Structure formats: C-alpha cells, structure tokens
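Please open the model in your viewer and keep a selection panel at hand. The stops below each give something to select and then describe what is there.

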Amino acid sequence: MQNFNYHTHTYRCGHADYNMSDEDYILEYIKMGFKEIAFTDHAPEKNKIDKRTNMRMDYSEKDEYLRNLNYLKDKYKNVINIKTGYEVEYLPNEEENIKELKNETDIIILGQHFVYDDNENLKIFGRCEFNNDELIRYANYIDTSFKLGIPLLLAHPDIFMLSCSTFGEIEEKITKMICESAEKYNIPLEINLGNIFGRVFLRNPNFNNLSSEQKQEIISGVRYPNRRFWQIASNYNIKVLYGIDAHSKGQILKYNELVKIANYIIGEDTINKLNFIDKL
Ligand SMILES: [Zn+2]
Ligand SMILES: [Zn+2]
C-alpha cells in the first residue's frame, strides 16, 4: 500500500476540522505507517480573487503555518518525512504570486477548483454549470500550470465531474487533454479519496453495517474518482498516486477502506493498468 500522501489540509482553511491540530494529522499518519507526507493547505491569495469565506487561510496566517510545520518537520524527522506546501489554483496574471508561494515551500499541488468565465468571474466546480468553452479552459489552465513548472502533481483531475451530469463527448475530450498534458510534462495524476470520505463515511457513520445494496447506492453518489476518466487515463503513459485530501479527524485512519472503494469505483482492470509511483 502506498505509504506517502501529499494532500493534507489544516484548520486554517476554515472548512477542515477545527479541533484537529497539525500534529494530530501527523499522529494519524504515523499510526497508519506513512513514511512521507505533505501539508498542502489551500493557498492564501495575495490578491483576493476567490471571495468565498472559509475556503483558504488568510495571507497573514502563512508565516505561522510554515513556522509550525517546520517545527513539526524537525520534531518527527526520525519517524516521518514531512513536507510543507500548498494546494493552488492557477489563474492568468497570478503566476508571480504562485511562484512566491512555491519558493517558500517543498511542494505545490494543483487543485484547479475554478476557472474564469469570459468576464473574469470565477466559475467554481460544483457550484454552477460549465459550458464547453469553460470546461476546455479548465484543461488549458492545467496545461499552462504544467508548462510554467508550478505543480509537482495534479490533485483530483476529474473534479470537473462535479459540474457534469454525464460522461459524454466533452468530458472525454477534457480527459484526453489533461492526460496528454500529464504525459508531456510528466506530472502525476492523483486518484483523490476526499469525495469518497465525505460521501461515504462522513455522511454515513454506520456505513460498514449497511446492506450491500445500501452501500452500492451510497457509492454511486461519489463524483470523483470517475470510472470513465481513469479508464481513458490508463491508455496513456502517465504516473498516478492516491491522495487522501485530509480535512477531518479519522480520515487518514480510513485510508485502506478509502483505497478499496476507489479501486472498486475505477475497476480492478483499470487499476492494474495504471502506473502507480513509489515516490514523488
Ligand atoms: Zn478543502
Ligand atoms: Zn485538497
């Protein structure tokens, strides 16, 4: 089982468990035998573009975040390798601000939760419908961020399924564009376990005691990982890894069950075809 994870949030973003300290996440990782992890909380914005509250730390919290993580990195250095980082969204004209964050940390992951529309308003996945041009823009932003050398991995590449009801022609096109970029720039794609945790275990604390029909029903509500996306991805020469996207107490402890459900959703044939990496 993959014993590293590069996708961890903290209470500072405002929508992760407020009672979980940074150290509490580390203790869960150690309990589960992880050897290398990264904190990649939602990056603060110098120019406030994402106007939602409780989505990301404030710029003023950045120094304390890095200071505490560097303290913990040293404290646990003989047990687990801890990296500092951020989950960022690429936006045109924000390149310099993103590079500044990159220079201060070990790892930047791209979690492209939104794109601009034609009027420079944010279109956020899961909050509204996307037209075809906007979906293509999602794939283009990813490609540009790779070209600029921003992320070391792409989180939940199939998150666009939050705004798509079926997997049709345009979804297939976006998937191929993303996979071509990942192949070209050699950037691993993440099979994200966050939506599974939220839909399955957070909403149904007694999930394991339900009938298989009930379990099936719940799992069918998971929006990503998307089976079709990964079937197509398995035909490309790309690297993949799992990402916990930890926001909650106990989420890391569910790791083995989350991977099992992800593999079930994607299908064992596809999983066996995918090229899982040993280390970033
Ligand atoms: Zn989050
Ligand atoms: Zn995340």
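The tour goes through two metal sites, a pocket, a cavity, the cysteines and two pairs of positions along the chain.

Before starting, bear in mind that this is a predicted model.

**First stop: the zinc ion (ligand 2)**

Select the zinc ion (ligand 2) and show the side chains around it, where you will find H7 and H9, each through NE2, together with E87 through OE and D245 through OD, as the coordinating residues, at 1.9 to 2.4 Å. Which spacing do the donors of the zinc ion (ligand 2) follow along the chain? The pattern is H-x1-H-x77-E-x157-D. If you display the angles among the four donor atoms, they run from 79 to 166 degrees, and the site is classed as irregular. For orientation, ideal angles at a metal are 109.5 degrees for four tetrahedral donors. Now colour H9 and E87: H9 sits in the loop between strand 1 (4-5) and helix 1 (22-31), whereas E87 belongs to strand 3 (residues 81-88), and the pair links distant parts of the chain, 78 residues apart. With the surface switched on, both H9 and E87 count as buried.

**Second stop: the zinc ion (ligand 1)**

Move next to the zinc ion (ligand 1), which is 4.7 Å from the zinc ion (ligand 2). The coordinating atoms here are the NE2 atoms of H15, H42 and H247, at 2.0 to 2.1 Å, and in sequence these donor residues are spaced H-x26-H-x204-H. Select H15 and H247 together: H15 lies in the loop between strand 1 and helix 1, and H247 in the loop between strand 9 (239-243) and helix 9 (255-266), so the pair ties together parts of the chain that are 232 residues apart in sequence. Is H15 buried or partly exposed? H15 has a relative accessible area of 33% and is therefore partly exposed, while H247, with a relative accessible area of 14%, is buried.

**Third stop: the largest pocket**

Turn on the pocket display and pick the largest pocket, whose volume is about 670 Å³. The lining of this pocket comprises 27 residues, and those closest to its centre are H15, N195, Y224, D245 and H247. Two of the residues in that selection, H15 and H247, are already familiar as donors to the zinc ion (ligand 1), and D245 as a donor to the zinc ion (ligand 2). Highlight helix 6 (residues 194-202) as well, since the largest share of the lining, six residues, comes from this helix. Colouring the lining by class gives eight nonpolar, 11 polar and eight charged residues.

**Fourth stop: the largest cavity**

How many cavities of 30 Å³ or more are there? The count comes to one, and the largest cavity has a volume of about 160 Å³. To find the largest cavity, select P44, E45, E89, E94 and I98, which lie nearest its centre among the 16 residues that line it. Helix 3 (residues 95-103) gives the most to this lining, with three residues. By class, the lining of the largest cavity has nine nonpolar, two polar and five charged residues.

**Fifth stop: the cysteines**

Select the cysteines and show their sulfur atoms; the count of disulfides comes to zero. The sulfur of C128 is 11 Å from the closest cysteine sulfur, which belongs to C164, and this is too far for a bond. C179 is likewise in no disulfide, as the nearest cysteine sulfur, again that of C164, is 15 Å away. As to their surroundings, C128 is partly exposed, with a relative accessible area of 27%, whereas C179 is buried, with a relative accessible area of 0%.

**Last stop: two pairs of positions**

Select N121, in the loop between strand 5 (114-116) and strand 6 (122-124), where it is partly exposed with a relative accessible area of 44%. Draw a line from the C-alpha atom of N121 to that of D24, 97 residues away along the chain, and the separation is 37 Å. Then go to E104, in the loop between helix 3 and strand 4 (107-110), which is also partly exposed, with a relative accessible area of 34%. From E104 to V200, 96 residues apart in sequence, the distance from C-alpha to C-alpha is 36 Å.

Terms used
Residues numbered from 1 in each chain as written. Chains lettered and ligands numbered in written order. Predicted model: local features only at pLDDT ≥ 70, side-chain atom pairs only at ≥ 80, totals over all residues. Heavy atoms only, no water. 1 Å grid on protein atoms, 1.4 Å probe; cavity = no way out; pocket = protein on both sides within 12 Å on 5 of 7 lines; lining within 4 Å. Points joined across faces, edges and corners; volume = space filled by probe spheres on them. Helix = DSSP H or I, 4+ residues; strand = E, 2+ residues; numbered from the N terminus. Nonpolar A, V, L, I, M, F, W, Y, C, P; charged D, E, K, R; others polar. Donors = N, O, S within 2.8 Å, 3.2 Å for Na, K, Ca; no water. Tetrahedral: all angles 85-135°; square planar, octahedral: opposite > 155°, others 65-115°. Buried < 20%, exposed > 50% of the residue type's maximum accessible area, 1.4 Å probe, protein only. Disulfide = S-S within 2.5 Å.
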